[in-house]
Amino acid sequence: METLDTVQKHELPPTNQKRMVAFINHFIVSTVTFLNKFASDCETRFVNYEQKIQNLEASLMIVEAKLASIDVLKQQSGNTAAIEGNKQNDINPSTSVKVEATETKLAEENESQPDVATNPSATERDPKYEPYFKMLHVGVPLGAVKNKIAAEGLDPGYIDQFL
C-alpha cells in the first residue's frame, strides 16, 4: 500500500499525444457542430417570427383601411369636425363667411370643369383588382396590398402596371 502513496507523477508514462489530439479534435468538432446547428435554428425561428409579424402588420393595415372606409365612422368623425368647427366659428364668425365663400367658389369651378378620369387606365383594370386599388387610394402601403393580393391567390405584380 505504501507503493500507491509514493507513486510520483513524473514516473507515470506520458499520455499518447495522438490520442489526446483526437479527443481534443472530437470535442472541438462536436462543439462547433452543435453551435452551428443552434445558430441555424435560432435564425430560422427569427425569420419565421419576422414573417408572422409582417403578415400581422399587413392585416392590421388592411383592417385599419376597412375601418376608415366605413361611412358611419366617417360621419361620426365629420360630426366631430363640424362641432369643433362650430366652436371655432363662435370665436371668430368672420372666418366662417370666408370659408363658405371659398367652398362655394371651389364647388362652382368643379361643376364648370368637365369630369376627367383621375386614372385613364381605370377602364383597362381587371375588376378583381379594384378593391386593392381602392386600398392603395385610401393609403394602405403597397407591400401590404401585395401581401393581401397574394393571400387571395392573385398576381401581386399586376398592380405594378398601373402605378
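**View 1. The whole chain, before zooming in.** Buried here means under 20% relative accessible area, exposed means over 50%, and partly exposed covers what lies in between (1.4 Å probe, protein chains only). This is a predicted model, so to speak of local features takes a pLDDT of at least 70 and side-chain atom pairs count only at pLDDT 80 or more, while totals for chains, interfaces and linings use all residues. Residues are numbered from 1 along each chain as its sequence is written, and side-chain values use heavy atoms, leaving out hydrogens and water. The chain has six helices and zero strands (DSSP runs, H or I of at least four residues for helices and E of at least two for strands, numbered from the N terminus). Read from one end to the other, the pattern is α-α-α-α-α-α. Of the 163 residues in the chain, 11% are buried. Take the contacts (heavy atoms within 4.5 Å) between residues at least 6 apart in sequence: 48% of them join residues at least 24 apart.

**View 2. Helix H5 and its two sides.** Helix H5 covers residues 130–138, and Tyr132, Phe133 and Met135 are buried in it. These buried residues span an arc of only 155° around the axis, which puts them on the same side of H5 (the arc is taken from the directions from the helix axis to the C-beta atoms). Turn to the other side of H5 and you meet Lys134 and His137, which are exposed. As for packing partners, the buried residues of H5 sit against H2 and H6. Just after H5 comes Gly139, with a positive phi of about 120°.

**View 3. Helix H6 and what covers it.** In H6 the buried residues are Ala144, Val145 and Ile149. Looking down the axis of H6, you find these buried residues within an arc of 140°, so they line one face of the helix. Among the things covering the buried residues of H6 are H2 and H5. Gly153 follows H6, and its phi is positive too, near 85°.

**View 4. The largest nonpolar core, with Tyr132 in focus.** The largest nonpolar core contains 14 residues (a core being a set of buried Ala, Val, Leu, Ile, Met, Phe, Trp, Tyr and Cys residues joined through side-chain atoms within 4.5 Å). Tyr132 and Val145 are the residues with the most contacts inside this core. The elements giving two or more residues to the core are H2, H5 and H6. Which residues does Tyr132 contact, leaving aside its neighbours within four places in sequence? They are Val145, Lys148, Ile149, Glu152, Leu154 and Ile159. Two of these partners, Lys148 and Glu152, come back in View 6 as a salt-bridge pair.

**View 5. A salt bridge along helix H2.** Asp41 and Lys37 pair through their side chains in a salt bridge, at 3.4 Å from N to O (the rule asks for a side-chain nitrogen of Lys or Arg within 4 Å of a carboxyl oxygen of Asp or Glu). By this rule the count comes to five salt bridges. Asp41 and Lys37 both belong to helix H2 (residues 17–68), where they are four residues apart, about one turn of the helix. Asp41 is partly exposed, at 36% relative accessible area, whereas Lys37 is exposed, at 54%. While you are on H2, look for Phe27, which is also in that helix. Phe27 counts as exposed, with a relative accessibility of 54%.

**View 6. Two salt bridges around H6.** The side chains of Lys146 and Asp160 form a salt bridge, 2.9 Å from N to O. Lys146 is in helix H6 (residues 142–151) and Asp160 is in the segment after H6, so the pair ties together parts that are 14 residues apart in sequence. Are the two partners buried, partly exposed or exposed? Lys146 is partly exposed, at 23%, and Asp160 is partly exposed as well, at 37%. The other pair in this view is Glu152 with Lys148, whose closest N and O atoms are 3.1 Å apart. Glu152 has a relative accessible area of 44%, which makes it partly exposed. Lys148 is also partly exposed, at 23%.
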